[in-house]
There are 2 protein chains.
Amino acid sequence: MSLKHAILGYLTVQPLSGYDLKKVFDHALGYFWSATHSQIYRTLDRLVRDGEATQEVVIQRDRPNKKLYQPTEAGWDELRRWLAEPHGLPTLRHPLLVQLAFAELLDDDQVVALLEDYGARLAERIGRYRDPAHHQHIYLARTPRERFLWWSTLDNGIATLEAELCWVERTIDGFRALPEGHHHPLEADHDRD
Amino acid sequence: MSLKHAILGYLTVQPLSGYDLKKVFDHALGYFWSATHSQIYRTLDRLVRDGEATQEVVIQRDRPNKKLYQPTEAGWDELRRWLAEPHGLPTLRHPLLVQLAFAELLDDDQVVALLEDYGARLAERIGRYRDPAHHQHIYLARTPRERFLWWSTLDNGIATLEAELCWVERTIDGFRALPEGHHHPLEADHDRD
DNA sequence: CTGCCCATGTAAATGGTTACATGATTGA
DNA sequence: TCAATCATGTAACCATTTACATGGGCAG
């Protein structure tokens, strides 16, 4: 349900097209919600159908026409309602941890490779979030209060990524320090009976 | 795709029924993957249909019969294949951060209430993860290596939750320290034209 | 003339949540 | 007699991903 609210939320900042929104999701909202363009276009249609946003076609020469969307009063109400009520912890879906949990089927090098690959992705993303070029959108905030809140969402992203990177390093070290058990990956003991 | 692999993975540890698996997801795999019983039953059916697991009916007196599942050789192969290849960072979907991002529509008390509620949920979950009663399943590991890996997945959960709790406190403090702007929540400026 | 940016969508499939549905046994 | 535990599932819906599909303008 919150994709709708994220879109509605950003439309209160500025009327935008689906194409624009996709860029906002890729650059600014990326660290707490992601969406594909097909999802965005369908959600915008639904908002208009439900009377929570209006659509305005903007004719352009030299480039394709676009449709700008804006929340209606009903849209603002719905958004305010959703924003004020508490929502649970994000549900986790963490493929790397599934891999680690069942890594008895892998040999030591494969386990280390998975962790190192994951660490590299984390480091790359932390680098991007720390890059001032990535902070531009924060200066579009309408008040110091909003600027603080936007910066906080980024801070959350950086803090959790760094905690994970730290965990990756700790885990690689601990794994290497395990008493050498000449580990042989488990095999299916097929047809034991 | 990884629900299938999480199930397959746990079935290599021990043949289990759908009902048992649900409990495993609730207690042991909970910090990196969640699933409802309806999802589990459907996935088990699919595994059998696809020849990746076998089903065995166990007749019980005094309680309902149950169906135990075990991976086939094809299941082991599929699992090994999936475990060895890298999967991207988990895609984030973080409702609280959406709320914070658009909190210009809320007043100060509402923002603090959201953060405090979130912090309380985090603290409660950290407490559960730290509780030794919650660690029982780790001792079922088949090797010291596996024990280390299972403990690491829990460690990941605790570390990221604590990073977030820390962030919550920092954010509440920073928010309260904002220069008092007599904040009035934004209103839709309807019918300006 | 190639490839990127602009700008829009649809279709099909997969994945996930919620609600509906049943029924025996055991312990308080 | 009430609630919990054991044990299974289906149906409807909602959310997400991936692939298909189009087409003009502009810069190198």
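**Exercise 1.** Find how far a polar side-chain atom of B:Arg46 lies from a phosphate oxygen of DNA strand C, then look for phosphate partners on chain A.

*Solution.* Start with B:Arg46: the distance is 3.4 Å. That fits the cut-off for a polar contact, a pair of N or O atoms within 3.5 Å. Next, take A:Tyr41, where an N or O atom of the side chain sits 3.1 Å from a phosphate oxygen of the strand. Finish with A:Tyr19, which uses a backbone N or O atom, 2.9 Å from a phosphate oxygen of DNA strand C.

Keep in mind that this is a predicted model, with local features needing pLDDT of at least 70 and side-chain atom pairs counting only at pLDDT 80 or more, while totals for chains, interfaces and linings use all residues. Residues are numbered from 1 along each chain as its sequence is written, chains are lettered from A in the order in which they are written, and side-chain values use heavy atoms, leaving out hydrogens and water.

**Exercise 2.** Work out which element gives the largest share of the surface near DNA strand C.

*Solution.* First, count: 24 residues surround the strand (near means a heavy atom within 4 Å), with A:His37 and B:Ser38 among the closest. Then sort them into seven nonpolar, nine polar and eight charged. Now pick the element: helix 3 of chain B, with four residues. On the DNA side, 62% of the strand's atoms within 4 Å of the protein belong to sugar or phosphate.

**Exercise 3.** Decide whether B:His137 is buried or exposed.

*Solution.* Locate B:His137 in the loop between helix 6 (108–130) and helix 7 (144–176) of chain B. Its relative accessibility is 13%, so B:His137 is buried (under 20%; exposed is over 50%, with a 1.4 Å probe and protein chains only).

Methods:
Helix = DSSP H or I, 4+ residues; strand = E, 2+ residues; numbered from the N terminus. Near = heavy atom within 4 Å. Polar contact = N/O pair within 3.5 Å; in protein donor to acceptor, adjacent residues only side chain to side chain. Nonpolar A, V, L, I, M, F, W, Y, C, P; charged D, E, K, R; others polar.
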